[in-house]
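Q: Please take a close look at one part of this model, the place where two of its helices pack together. How does that part fit into the rest of the chain?

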Amino acid sequence: MTGKTHASVGLCGAAFLLVTNVDIKTSLIGLGFVVLGSYAPDADLKVSKAGRVISDFVYGIIVLVALYLILTYRFHYDVLGLIGNNKMPSELKLSGAALIVVSIILGRITGHRKYMHSLLGFFVMNLGVWLIVGNFVIWFGLGYALHMIIDLLNEKSESLLFPFHQGDICFSICNSTGIANLIISTVAYIGFLYKILSIYNIAYLQKIFIK
Ligand SMILES: [Zn+2]
């Protein structure tokens with residue numbers, strides 16, 4: 001699946017599971033972490049050979065930068081202040097960053113859908129993110145978990161129990177390119193919009209976004 005598809009599924013999952021429980025400020029920043037978590041497992045892809053992968057990652061970066069700019073300049077949120085406001089000592093934040101960097105390196109060495117798509121990789125990556133951003137890890141973790149679940153649908157197996165091969169699994173229901181991406185992301189975006197509009201009505205969204 002492409003990163004775009006994973007991001008749409010992550011956003012839909014977050015709308016149903018997380019957005020209802022928090023204020024709009026936390027939600028908007030949280031949605032950024034969902035997108036980040038939805039892309040994260042595929043940091044183990046070899047970028048060099050596939051233009052598609054690069055454009056897909058660029059799309060994710062554009063979404064995140066746009067969200068950051070809107071929250072900072074339109075909503076006047078102190079985004080980095082809110083993310084960093086978790087009383088985690090800076091040594092622990094640094095260890096978190098180290099865990100993430102080591103994980104990505106390990107993911108690239110072991111190969112696509114190995115360490116980064118395993119329960120071990122999920123745990124270490126989320127531990128790293130938690131040490132840096134505190135509770136926003138719930139959003140990141142949801143995006144990451146849904147990515148791993150959606151990847152199970154296609155033909156290349158995931159090493160869920162890495163480093164052991166016993167957990168290599170896939171359901172071979174669909175191809176990772178083409179029509180499956182379109183169907184999954186369309187359904188996910190419709191679900192996302194439906195749920196968001198049932199939580200915040202259109203008049204309210206117009207008021208805060210268009211003013
Ligand atoms: Zn993947």
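A: What follows starts with the whole chain, moves to the helix pair, and then turns to other sites.

This is a predicted model. The protein chain has nine helices and two strands. Read from the N terminus, the order is α-α-α-α-α-α-α-β-β-α-α. The radius of gyration is 17 Å, close to the 17 Å that the globule rule gives for 211 residues, so the chain is as compact as a globular protein of that length. The C-alpha trace spans about 55 × 45 × 30 Å along its principal axes. Buried residues make up 36% of the 211 residues. Take the contacts with a separation of 6 or more: residues 24 or more positions apart account for 70% of them.

Now the helix pair. α2 and α7 pack at an angle of about 35 degrees. Their axes are 7 Å apart. The crossing is right-handed. On the α2 side, the contact is made by G30, F33, V34, V35, L36, G37 and S38. On the α7 side, W139, F140, G141, L142, G143, Y144, L146 and H147 take part. By residue class, the contact has nine nonpolar residues, six polar ones and no charged ones.

V34 is a good residue to follow here. Setting aside neighbours within four places in sequence, V34 is in contact with G10, L11, A14, W139, L142 and G143. W139, L142 and G143 belong to the α7 side of the helix contact.

The same region leads into the nonpolar core. The largest nonpolar core has 36 residues. Within this core, L11, A14, V34, V129, F136, W139 and F140 touch the most other members. The elements giving two or more residues to the core are α1 (3-17), α2 (24-39), α6 (119-133), α7 (137-151) and α8 (179-199). α7 gives the most, with eight residues. Both helices of the pair are thus on the list of contributors.

α8 can be followed through S185. S185 is found in helix α8. With 20 C-beta neighbours inside 10 Å, S185 counts as buried, because the cut-off for buried is 20 or more. Leaving aside residues within four places in sequence, S185 is in contact with K4, T5 and S8. The C-alpha atoms of S185 and A7 are separated by 8.4 Å, although these residues are 178 residues apart along the chain.

Next, α5. S103 lies in this helix. S103 is buried, with 24 other C-beta atoms within 10 Å. Not counting residues up to four places away in sequence, S103 touches M116, G121, V124, M125 and G128. S103 and L161 are 58 residues apart along the chain, and their C-alpha atoms are separated by 15 Å.

L94 is also placed in helix α5. L94 counts as exposed, with 12 C-beta neighbours inside 10 Å, because the cut-off for exposed is 12 or fewer. L94 and T20 are 74 residues apart in sequence and 32 Å apart in space, C-alpha to C-alpha.

Three loop sites deserve a check of the backbone. Most residues other than glycine have a negative phi, and most peptide bonds are trans.

H76 has a phi near 55 degrees, a positive value in a residue other than glycine. H76 is placed in the loop between α3 (51-74) and α4 (79-84). H76 is exposed, with 7 other C-beta atoms within 10 Å.

R113 has a positive phi of about 65 degrees, and R113 is not a glycine. R113 is found in the loop between α5 (90-110) and α6. Here the setting is buried, with 24 other C-beta atoms within 10 Å of R113.

The third site is a peptide bond. From F162 to P163 the bond is cis, with omega near 10 degrees. P163 is found in the loop between β1 (158-159) and β2 (168-169).

Back to the part you asked about. The α2 and α7 contact is right-handed in its crossing and has no charged residues. V34 and W139 sit on its two sides, and both are among the residues that touch the most other members of the largest nonpolar core.

Conventions
Residues numbered from 1 in each chain as written. Predicted model: local features only at pLDDT ≥ 70, side-chain atom pairs only at ≥ 80, totals over all residues. Core = buried A, V, L, I, M, F, W, Y, C linked by C-beta atoms within 7 Å. Helix = DSSP H or I, 4+ residues; strand = E, 2+ residues; numbered from the N terminus. Contact = placed C-beta atoms within 7 Å. Rg over C-alpha atoms; globule rule 2.2 N^0.38 Å. Axes fitted to C-alpha atoms, helices over the stretch in contact; angles between N-to-C directions. Left-handed = near helix turned anticlockwise from the far one by under 90°. Nonpolar A, V, L, I, M, F, W, Y, C, P; charged D, E, K, R; others polar.
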